[in-house]
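Trainee: Could we go through this one together? I'd like to know what stands behind each term before I use it.

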Amino acid sequence: MHPRDQTIFALSSGRPPSAIAVVRVSGSQAGQVLTALAGKLPLPRLASRRLLRNAEGQPIDDAVVLWFPGPASATGEDVAEFHVHGGRAVLSAVFTAISAIPNTRAAEPGEFTRRSFENGKLDLTEAEGLDDLIHADTDRQRRQALRQLQGLLGDRARDWRERIIEASALIEAAIDFSDEGDVPAELMAPALKAIGALHGEITKVLAAQGHAERLREGLVVAIAGPPNVGKSTLINQLARREVAIVSPHAGTTRDIIEVQLDLDGYPVTVIDTAGIRETEDPVEQEGVRRARARAADADLVLWLTGPGADVDARPAGSTPVWMVRNKIDLGQEASAAEATADRTFAISARHGDGLAELIEVLVGFAAEFFGTGEGALVTRARQRDLLRQAADCLQRSLDFAKHGEELVAEELRAAAYALGRLLGRVDVEDVLGAIFQKFCIGK
């Protein structure tokens with residue numbers, strides 16, 4: 001039997017031990033599995049309490065079971081759920097009992113969701129939204145992912161594709177009736193009008209994205225500067241826990257330390273880098289090299305200095321750099337270079353002075369950086385690239401209108417194909433594995 005025809009099962013809740021664990025089963029044998037363990041099938045979509053038994057009739061657990069006959073289920077197949085006590089021994093016994101039934105096997109990562117996609121329960125944009133929802137760390141990421149899961153982009157793409165097909169039908173009719181005098185012109189005019197409107201809608205969506213895709217990954221802020229100015233102390237304050245070693249000796253930090261923060265719902269990755277200075281230590285040299293590279297790749301650099309320090313060593317380039325003078329509790333004045341630099345802040349990382357003001361401005365920077373991304377339609381590079389392909393094809397179809405209906409029809413077919421790939425309905429086997437393997441087992 002092909003693996004896709006086998007019945008799959010997996011733990012769909014958190015890892016044991018837990019109060020309750022949910023075991024899901026999907027496939028043609030799901031009813032047989034439920035009957036074998038629980039005695040008989042319960043009424044569809046109605047929770048029933050059953051004593052689960054193995055093949056020898058030995059009791060396994062007192063559980064709640066549910067039955068979802070396909071196609072009215074999450075995967076489109078027959079689905080059974082066992083809500084059992086979440087001990088390791090209980091789960092092991094349940095898995096052993098299910099495995100004893102022919103043509104059943106443990107599910108692979110994302111296989112439940114992939115079957116939902118293959119059975120038409122989700123399109124690819126909704127599956128990507130589900131993946132984003134599972135991995136959302138902040139409330140803004142959650143809301144964006146939920147909109148995708150609810151079909152925000154997929155519904156629009158289906159509508160666009162249907163309208164392209166309608167316009168294409170008019171063009172094809174104009175080709176078929178090309179010897180009928182004025183008939184092609186009568187068909188081309190409304191088709192071109194529809195194409196122009198579609199192109200405008202898709203282009204508008206693409207132009208409004210800003211950093212929407214980055215909301216999934218987050219803003220990257222690098223804390224950089226000379227050695228022993230308090231970078232590790234600052235990242236510990238921001239994280240509200242000890243994530244970096246704080247030492248009075250210069251060069252303590254040799255590698256990159258990353259902390260994930262939730263700043264007013266915006267995902268922010270703060271990185272603590274090695275102190276930037278000239279050194280003969282080969283290990284510290286590598287740390288300095290990595291620090292410079294990471295700072296260059298960041299979206300924002302907080303250049304941390306001590307009182308009166310020279311700021312000429314701060315990184316140059318297109319990345320915004322904010323001057324942050326630490327150790328103001330020592331009572332020393334800022335240097336002239338620090339006083340005249342744009343975006344300057346004075347803090348005491350040890351005592352917390354000035355940190356609230358710095359965080360408030362960071363939140364404002366994140367809000368400006370992400371822009372309207374939270375409500376945007378496009379959240380992945382794959383989606384943006386395929387929409388851009390569709391828009392380009394529509395533009396070329398308008399440009400080719402004077403050169404013959406055949407060229408217009410070909411570009412419309414390409415535009416519809418791009419939107420079909422966006423939805424996952426045509427030729428997407430190459431991307432399915434990359435998407436679904438990131439899911440949890442049991443999802």
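Mentor: Sure, let's begin with S232, which sits in helix α9. Keep in mind that this is a predicted model, where local features need pLDDT of at least 70, side-chain atom pairs count only at pLDDT 80 or more, and totals for chains, interfaces and linings use all residues. Residues are numbered from 1 along each chain as its sequence is written, and side-chain values use heavy atoms, with hydrogens and water left out.

Trainee: What makes α9 a helix here?
Mentor: The elements are DSSP runs numbered from the N terminus: H or I over at least four residues for a helix, E over at least two for a strand. The run for α9 is 231-239.

Trainee: Why is S232 called buried?
Mentor: Buried means under 20% relative accessible area, exposed over 50%, and partly exposed in between (1.4 Å probe, protein chains only). S232 has 10%, so it is buried.

Trainee: Where does the "binding site" label on S232 come from?
Mentor: From UniProt, which lists S232 and T253 under that name in an unreviewed entry. Positions are in the numbering used here, feature names are shortened, and annotations may be inferred rather than shown by experiment. The same kind of annotation, again from an unreviewed entry, covers R24, E81, K121 and K443.

Trainee: Take E81 and K121: why is each called buried or partly exposed?
Mentor: E81 has a relative accessible area of 17%, so it counts as buried. K121 has 36%, so it is partly exposed. E81 belongs to strand β5 (residues 79-86), while K121 is in the loop between α3 (111-118) and α4 (124-134).

Trainee: What does K121 touch?
Mentor: Contact means heavy atoms within 4.5 Å. Beyond its neighbours within four places in sequence, K121 has contacts that include P71, G76 and E126. For E81, residues up to four places away set aside, the list includes R24, another position under the "binding site" annotation.

Trainee: How do you know that K121 makes a polar contact with P71?
Mentor: You need a pair of N or O atoms within 3.5 Å; within protein, one must be able to donate a hydrogen and the other to accept it, and residues adjacent in sequence count only if both atoms are side-chain atoms. The K121 side chain comes to 2.6 Å from the backbone oxygen of P71. R115 does something along those lines in helix α3, its side chain reaching the backbone oxygen of Q6 at 2.8 Å. R115 is buried, because its relative accessibility is 4%.

Trainee: How do you know that β2 pairs with β5?
Mentor: DSSP has to find at least two bridges between two strands. β2 and β5 have 8, in the antiparallel sense, with I20 opposite H85 in β5. Strand β1 (residues 7-11) and strand β2 (residues 18-26) are antiparallel too, over 4 bridges, and they form a hairpin with 6 residues between them.

Trainee: What makes a set of residues a nonpolar core?
Mentor: It's a set of buried Ala, Val, Leu, Ile, Met, Phe, Trp, Tyr and Cys residues joined through side-chain atoms within 4.5 Å. The largest one has 31 residues, and L219, I223, L234, L302 and W322 touch the most other members. Helix α12 gives the largest share, 8 residues. Another core, of 30 residues, lies apart from it, with A167 and L422 among its members. In soluble globular proteins, nonpolar side chains tend to be buried together.
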